[in-house]
Structures are given as structure tokens and as C-alpha cells.
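Colleague: Could you take a close look at one part of this model for me? I would like to hear about the charged pairs and what surrounds them.

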Amino acid sequence: MAEVCDLYAQAGRLAEQGVHLVSTDEKTGMQALERLHLDLPPGPGRVQRREYEYRRHGTLCLTANLEVWCGWVIAPTLGPTRTEADFLAHVQQTVATDPWAGWVFLVDNLNTHQSASLVAWVAQACGLREDLGVKGQRGVLKSQASRAAFLSDKGHRIRFVYTPKHTSWLNQVEIWFSILVRKLLRRARFTAVEDLKARVLAFMDYFNRTMAKPLRWLYSAEPKPGNETG
């Protein structure tokens, strides 16, 4: 937790040094729901009334990056799944926006964030020639723990920082996901998955132009007086 909070405090300085600090996660199961009838608008003494019956048109998974120093959402990925290949493609797409810069991805401990294919790509992108071993047998690729240790190596130009378990709230992109839900998803009516995708992307563009700003992060991992633990 201390490492994550320290990175948030250093985000502006890292950006000046050409290093992107991005808070990254997936929002799964975004449903394209079409209400069968339009909502009834509010009136004097009457709240808005919403149709309870709907038609399902499918779901999407959003993988988003929140650029911590400025609060922009960059290089999003929208698709039907969140597989190991999907996350690798997302990271590749993100790095391609500034291919020679430094990148620090703040993520949770999902197994797709510590995959063998991600390790192989990071090694190639960083020009590392070491023997990575064999998955399940030896070397860097042996286990999820060994892969995570490699991916979080501070000597790599592209690296990953993992939040502790049960601390999803520590990842700033989760705050942006809550904004997306309140401002768009909760009340919207979508006629197709393509409609959902287009409107999510349009909202991101609007957010970056009019609402984005660095989050005022107040949490500190240091214990407060009287709350120390042994």
C-alpha cells in the first residue's frame, strides 16, 4: 500500500521524466440493455419513472487506463472477453501510444496480469535476453509468483505494480469506473452492443475534454497515532 501511495505522490515527477503511471483494470459485464418503453420524465410532485422490462443485447468488457498525473483515460479496450490474450493486447496498444517511454501499470493480482505471454512480451520490448525458463517447471515463467516478481522489477522500462489483495479501492481507475456508471451506464438505453461501445468511447472523450483532473489522493499507508498495529 505504501508503494502505491508513493507512486501516486510521484506521478507528476514521473511524467516530467517521461514515465507514464497508469491505473489499469477491467470493468466486466457491461450490459447493453434496451428498455422496452421510454422513461416518463419527472413533473410537479412526481419523480422520473423508469420502465422495468428490458431486452438484453449482450455485454462488453472495458479495460481502461487512468493516467494518474492528469486524470485522463487513455487507450481503452472494449471487447466481449478479458482473457490473457486480451490483456496482453491492451498493454501492447497502450505502450504503442508512446513506445519508447517508461510505463508503470498499477493493477490487481488477477492471473491474466501475470501471464507467461505478458512476461515474454515485456522481456522482448525491454530488450532483455535472459532465459525465461519454462512455465510450470523452472525460471521466471515457473509460477505466477515468479512471473509477478519479474514483471514488477524496477529496472524494467515497462513494469507492473500490484495492489495488495482485497484493496480494489486502492486502484484509482475504480473511481473513474464509478463515474462512468453514474454518468452513463445507470440510466442509459442501448439498442445494441455497438451502441454501448460507441457511447462509452464518446463519454471518455467528453470526460477527457471537460472533466478530467488529477484525483486528490488523501489516503496514506502510514498508521495514524493511536491506530498502530503490532
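To begin with, is Arg189 buried, partly exposed or exposed?

Modeller: Happy to help, and please keep in mind that this is a predicted model. Arg189 is partly exposed, because its relative accessible area is 32%, a value between the 20% limit for buried and the 50% limit for exposed.

Let me start with the partner of Arg189. Its side chain meets that of Glu34 in a salt bridge, with 3.5 Å from N to O. This pair links distant parts of the chain, the two residues being 155 residues apart. Arg189 sits in the loop between helix 5 (173-185) and helix 6 (193-210), while Glu34 belongs to strand 1 (residues 19-35). The two ends of the bridge also differ in exposure: Arg189 is partly exposed, whereas Glu34 is buried, with a relative accessible area of 13%. The pair is part of something wider, since Glu34, Arg55 and Arg189 are linked in a network of salt bridges.

Next to Glu34 in the numbering comes Arg35, which is also placed in strand 1. Arg35 is buried, at a relative accessible area of 13%. Once its neighbours within four places in sequence are set aside, Arg35 is in contact with Arg50, Glu51, Tyr52, Glu53, Tyr54 and Arg189. Arg189 therefore appears twice in this part of the model: as the salt-bridge partner of Glu34 and among the contacts of Arg35.

From that loop we can move on to helix 6, where there are further charged pairs to look at. The structure holds 6 salt bridges. One of them joins the side chains of Arg199 and Asp195, with 3.9 Å from N to O. In this case the partners are 4 residues apart in helix 6, so about one helical turn separates them. Arg199 counts as partly exposed, at 32% relative accessibility.

Asp205 and Arg209 form another salt bridge, and their closest N and O atoms are 3.0 Å apart. Both residues lie in helix 6, again 4 residues apart, or about one turn of the helix. An α-helix has 3.6 residues a turn, so residues three or four places apart point the same way. Asp205 is partly exposed, with a relative accessible area of 42%, and Arg209 is exposed, with 58%.

Since you may be checking the backbone as well, two residues deserve a mention. Most residues other than glycine have a negative phi. Ala75, however, has a positive phi, near 45°. Ala75 lies in strand 3 (residues 72-79) and counts as buried, at 15% relative accessibility. His166 has a positive phi too, of about 65°, although it is not a glycine. His166 is found in the loop between strand 5 and helix 5, and at 79% relative accessibility it counts as exposed.

Finally, a word on helix 4 (residues 144-151), whose buried residues are Arg147, Ala148, Phe150 and Leu151. Seen down the helix axis, these buried residues fall within an arc of 160°, so they line one face of helix 4. Their cover includes helix 3 (116-125) and strand 5 (158-162).

Terms used
Residues numbered from 1 in each chain as written. Predicted model: local features only at pLDDT ≥ 70, side-chain atom pairs only at ≥ 80, totals over all residues. Heavy atoms only, no water. Buried < 20%, exposed > 50% of the residue type's maximum accessible area, 1.4 Å probe, protein only. Arc of directions from axis to C-beta. Contact = heavy atoms within 4.5 Å. Salt bridge = Lys/Arg side-chain N within 4 Å of Asp/Glu carboxyl O.
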